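Q: Could you take a close look at one part of this model for me, and then follow its surroundings outward? I would enjoy a connected walk through the packing.

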Amino acid sequence: MSFVGPSKPFVERLGAFIVDPQAAVDLRSYFGIGMLPGAVPFTGSRFEHLAGGGDRPGIADRVTAEDLVAVQTLSVTVPAPVALDILEGPLGAQLSGLLHAIPRDIDMVDADAGVVADGSPADQAWHLLCAQYGVDWVIAGKLLARKRPRLLPVYDKVVRCALGRPRPSFWLALHAALRADDRALHRQLLTLRQTAGLPETVSALRVCDVAVWMGHRAEGHACPR
């Protein structure tokens, strides 16, 4: 798939959250860096790292019970019948087949746009999950972000409120934004991660998500996580 340039308003809105000096403070608060005694980090700080991560070798291509717990740290729950089907039924087998076709060791900025385009294995996995009773677009996206944290972003109602509903999709809009201007936004995310003192195991996409989510909440948009 050929590269499609990003929407200028989308890049500007996103970039404003990333360059805000408060972003590093928010990230440290979210992940519990330098906390005062008695303070606790956000539960979402464990999303990527719980049980070694959802993309670790051996389990990267199947959804585990730990993955289902991990999405709960972002305040969503996969309905029990769907969870059982994922763990023990044909739905899990279908997802595993699609996950196997989604690259694991690559950042979104380095991936071809086709990897996150309509009809790709990632898109098919998202639609498969959304087709399950009680699973909406937020839950589906968070579960896939757990399995491919470097490639697929968390996108929930707060982030959508902050950045809108870009066309043709959020994934493609973010991919284009990260690659624009010689990958300037991606480099800013890496710098922000370093400034906040986060480990490199926190993906650039997760840095982006948390910076936007925390920043938008601070503006008075306290939507559920």
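A: Let's begin with cysteine 130: leaving out residues up to four places away in sequence, this residue touches Val135, Asp136, Trp137 and Ala140. The model is a predicted one. Cysteine 130 belongs to helix α6, and with a relative accessibility of 24% it counts as partly exposed, a little above the 20% under which a residue is called buried. Farther afield, leucine 185 lies 55 residues away along the chain, and the C-alpha atoms of cysteine 130 and leucine 185 are separated by 30 Å.

Two of the contacts of cysteine 130, Trp137 and Ala140, also appear in the packing of α6 on α7. Helix α6 covers residues 121-130 and helix α7 residues 137-147; their axes are 9 Å apart and the packing angle is about 135°. The two helices are therefore oblique to each other, and α6 passes α7 in a right-handed crossing. On the α6 side the meeting residues are Ala122, Ala125, Trp126, Leu129 and Cys130, and on the α7 side Trp137, Ala140, Gly141, Leu143 and Leu144.

Now for α7 itself. Of its 11 residues, 10 are buried, so α7 is largely enclosed by the rest of the structure. The buried set is made up of Val138, Ile139, Ala140, Gly141, Lys142, Leu143, Leu144, Ala145, Arg146 and Lys147; you will notice that Lys142, Arg146 and Lys147 are among them. Their packing partners are α3, α4, α5, α6, α8 and α9.

Back at α6, there is another helix to consider. α5 and α6 have axes 9 Å apart and pack at an angle of about 160°. That makes α5 roughly antiparallel to α6, and their crossing is left-handed. Here Leu91, Gln94, Leu95 and Leu98 of α5 meet Pro121, Gln124, Ala125, Leu128 and Leu129 of α6. Ala125 and Leu129 turn up in this list and also among the α6 residues that meet α7.

Just beyond cysteine 130, we come to a stretch that links to another part of the chain. Val135, one of the contacts of cysteine 130, is also in contact with proline 79, as are Tyr133 and Gly134, leaving aside the neighbours of proline 79 within four places in sequence. Proline 79 sits in the loop between α3 (65-72) and α4 (80-88). Its C-alpha is 21 Å from that of glycine 97, a residue 18 places away in sequence.

Next, let's follow α9, one of the helices packed against the buried residues of α7. Leading towards it is the loop between α8 and α9, where proline 168 is placed. The peptide bond from arginine 167 to proline 168 is cis, with omega near 5°. Within α9 itself we find aspartate 182, whose phi is near 55°, a positive value in a residue other than glycine. Aspartate 182 is exposed, with a relative accessible area of 63%. Alanine 51 also has a positive phi, of about 55°, although it is not a glycine; alanine 51 is found in the loop between α2 (22-31) and α3, and at 36% relative accessibility it counts as partly exposed.

α9, which spans residues 170-196, also meets α1: their axes come within 10 Å and cross at roughly 30°. That makes α1 roughly parallel to α9. The contact is made by Phe10, Val11, Leu14, Gly15, Ile18 and Val19 of α1 and by Phe170, Ala173, Leu174, Ala177, Leu185, Gln188, Leu189 and Leu192 of α9. Leu185, in this list, is the leucine whose distance from cysteine 130 was given at the start. The crossing of α1 past α9 is right-handed.

Finally, a word on α1. This helix has 12 residues, 8-19, and reaches 16 Å from its first C-alpha to its last, close to the 16 Å expected at 1.5 Å a residue. Its buried residues are Phe10, Leu14, Gly15, Phe17 and Ile18. Seen down the helix axis, they fall within an arc of 155°, so they line one face of α1. The general background is that an α-helix has 3.6 residues a turn, so residues three or four places apart point the same way. On the face of α1 turned away from the buried side are the exposed residues Lys8 and Val19. Val19, exposed there, is also part of the contact with α9.

Key:
Residues are numbered from 1 along each chain as its sequence is written. This is a predicted model: local features need pLDDT of at least 70, side-chain atom pairs count only at pLDDT 80 or more; totals for chains, interfaces and linings use all residues. Side-chain values use heavy atoms; hydrogens and water are left out. Helices (H or I, at least four residues) and strands (E, at least two) are DSSP runs, numbered from the N terminus. The expected span of a helix is 1.5 Å times one less than its number of residues. Buried means under 20% relative accessible area, exposed over 50%, partly exposed in between (1.4 Å probe, protein chains only). The arc is that of the directions from the helix axis to the C-beta atoms. Contact means heavy atoms within 4.5 Å. Axes are lines fitted to C-alpha atoms, for helices over the stretch in contact, and angles run from 0 to 180 degrees between N-to-C directions. Angles under 35 degrees count as roughly parallel, over 145 as roughly antiparallel, 65 to 115 as roughly perpendicular and the rest as oblique. A crossing is left-handed if the near helix is turned anticlockwise from the far one by less than a right angle, and right-handed if clockwise.
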